[in-house]
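Subject: Structure for your review

Dear colleague,

Please find below the structure I am handing over to you. My findings follow after it, and I would be grateful if you would read the two side by side.

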Amino acid sequence: MSTRTRISPWRVGGPSTPAVHIAVPYANENRNHLLLSEWRRQGGEGLPAPPLMLPRRGEGTYRARVVKQDLLDLFVEDQYSDAVGGSTGGPGGHHEDRILMHVTLDGEWRFAAGGRQSVVGPGLLSARRNDAPWDFEVARGTRAVTVGLPAGEIRFPARRREVLAEHSSPAAALFLAQLRLWTELSDGLGPAAAGAARNATLELFHGLVNDRVMDDAEFTPALVRAAMDYIEDRLLLDPDLGPRSIAAALHVSVRTLYRAFGRGATPSVMGYVRERRLERARAELMSTRLSVSETAARWHFADSSHFVKAYRKRFGETPAERRRDARRTDSGQGGDAAPGPHPRG
């Protein structure tokens, strides 16, 4: 990955958009109070300040410049900051109702939450759920574009709080190009076109985070396990159980789900569904008086012949042979096993 990735300048905001342009001496004893009060005075309600903490230094001046542009229920900020620390998110906190993305152009952001730390340097972007608190540090001379998206509209990957990606990855490049174009054209768009641009931006964001998760080896086992648990709960209840409904329930794309199952020794998604239904049906052949055709229908096979064929391929015997052998074993006719109750599956 290149350590110096340049993105063409963004035209963010106009004469009436919220902005702050602050300079505070690091040596000032009241530097933190001065920083926040000046931010609030300049930015107002349109550009709320996160809780910030300036380092103690004997000389030098902290400088920050932020311009914000609202795009319906999204926003984009062009940010420059010298060294500072702070926090964001959490119940009642700064942008708690948002998914936040920092696109670092120069400098460095460091984020920490729950023992997890990430460094977002030039050429990287970080997309984070902000419903729980994050601490952050900004290096001197950091330039970034920050994007805020409505959390209620985002299908963020299950069990993930942050996704990292490179600007140059195809999905990230497409999302950033769409967003940059929208900021440049927003003043001339009517309501219908603005709504279409907003929806397209959200869909491209979903593509970005799901593409990133597909290559995340740490996430794959958790996704497969969650899918297996969901499948187990729906085997009998849902005759149309398939990749689309499973992916939707887990808030990932169908492609991500396919990729996760393809990484290990597990069958394909539908192969796993079929295998579990066959195993559950096999147990019922031994423990109930349902006919083979009734068992096939109960476990959502198209017909009894399809069920028999799949059963033979999986277990090397037909359902009728399985039931006959089980009865012989129970009656003591087929081996040394003692008579007893029917096994329960």
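The notes below cover the sheets, the helices that pack on them, the nonpolar cores and one helix pair.

Please bear in mind throughout that this is a predicted model.

I begin with the sheet of 7 strands. This sheet is open, its strands follow the order 1-3-4-11-6-9-12, and the pairing is antiparallel. Strand 1 (19–25) and strand 12 (162–166) are its edge strands, each pairing on one side only. On average, neighbouring strands of this sheet are turned by 15 degrees against each other, direction ignored.

Several strand pairs can be followed residue by residue. Strand 1 and strand 3 are antiparallel and share 7 bridges; within this pair, Ala23 has Arg63 of strand 3 as its bridge partner. Strand 3 is in turn joined to strand 4 by 8 bridges, again in the antiparallel sense, and Val66 stands opposite Gln79 of strand 4. The hairpin of strand 3 and strand 4 has 2 residues between the strands, and Leu72 takes a positive phi near 55 degrees there. Strand 4 (residues 74–81) also runs antiparallel to strand 11 (residues 142–150), with 7 bridges between them. Here Ser81 has Thr142 of strand 11 as its bridge partner.

Two helices meet this sheet. Helix 2 (residues 170–185) packs on the sheet and touches strand 3, strand 4, strand 6 (98–106), strand 9 (124–129), strand 11 and strand 12. The direction of helix 2 makes about 80 degrees with that of strand 3. Helix 1 (residues 31–43) lies across strand 1 and strand 3 (61–71) and runs at about 160 degrees to strand 1.

A further open sheet has 5 strands in the order 2-5-10-7-8, with antiparallel pairing. Strand 2 (52–53) and strand 8 (116–120) are at its edges with a single partner strand each, so one side of each is left without a neighbour in the sheet. Strand 7 (residues 109–113) and strand 8 run antiparallel and are joined by 5 bridges; in strand 8, Val120 is the bridge partner of Trp109.

I turn next to the nonpolar cores. The largest core holds 29 residues, of which Met101, Leu125, Leu149, Phe156, Leu179, Phe205 and Leu208 touch the most other members. Two or more residues each come from strand 4, strand 6, strand 9, strand 11, strand 12, helix 2 and helix 3 (191–214). Helix 2 gives the most to this core, with 6 residues. Leaving aside residues up to four places away in sequence, Leu149 touches Leu74, Asp97, Arg98, Ile99, Ile154, Leu202 and Phe205. A second, separate core has 28 residues, among them Val224, Leu250, Ala260 and Phe315.

Finally, there is the pair formed by helix 7 and helix 9. The axes of helix 7 (residues 269–287) and helix 9 (residues 304–315) come within 11 Å and cross at roughly 95 degrees, which means that helix 7 is roughly perpendicular to helix 9. Helix 7 makes the contact through Glu275, Leu278, Glu279, Ala281, Arg282 and Leu285, and helix 9 through Phe307, Ala310, Tyr311, Arg314 and Phe315. By class, the residues of this contact of helix 7 with helix 9 comprise 7 nonpolar, no polar and 4 charged.

With kind regards

Technical notes
Residues numbered from 1 in each chain as written. Predicted model: local features only at pLDDT ≥ 70, side-chain atom pairs only at ≥ 80, totals over all residues. Heavy atoms only, no water. Pairing = 2+ DSSP bridges. Helix = DSSP H or I, 4+ residues; strand = E, 2+ residues; numbered from the N terminus. Axes fitted to C-alpha atoms, helices over the stretch in contact; angles between N-to-C directions. Contact = heavy atoms within 4.5 Å. Core = buried A, V, L, I, M, F, W, Y, C linked by side-chain atoms within 4.5 Å. Buried < 20%, exposed > 50% of the residue type's maximum accessible area, 1.4 Å probe, protein only. Parallel < 35°, antiparallel > 145°, perpendicular 65-115°, else oblique. Nonpolar A, V, L, I, M, F, W, Y, C, P; charged D, E, K, R; others polar.
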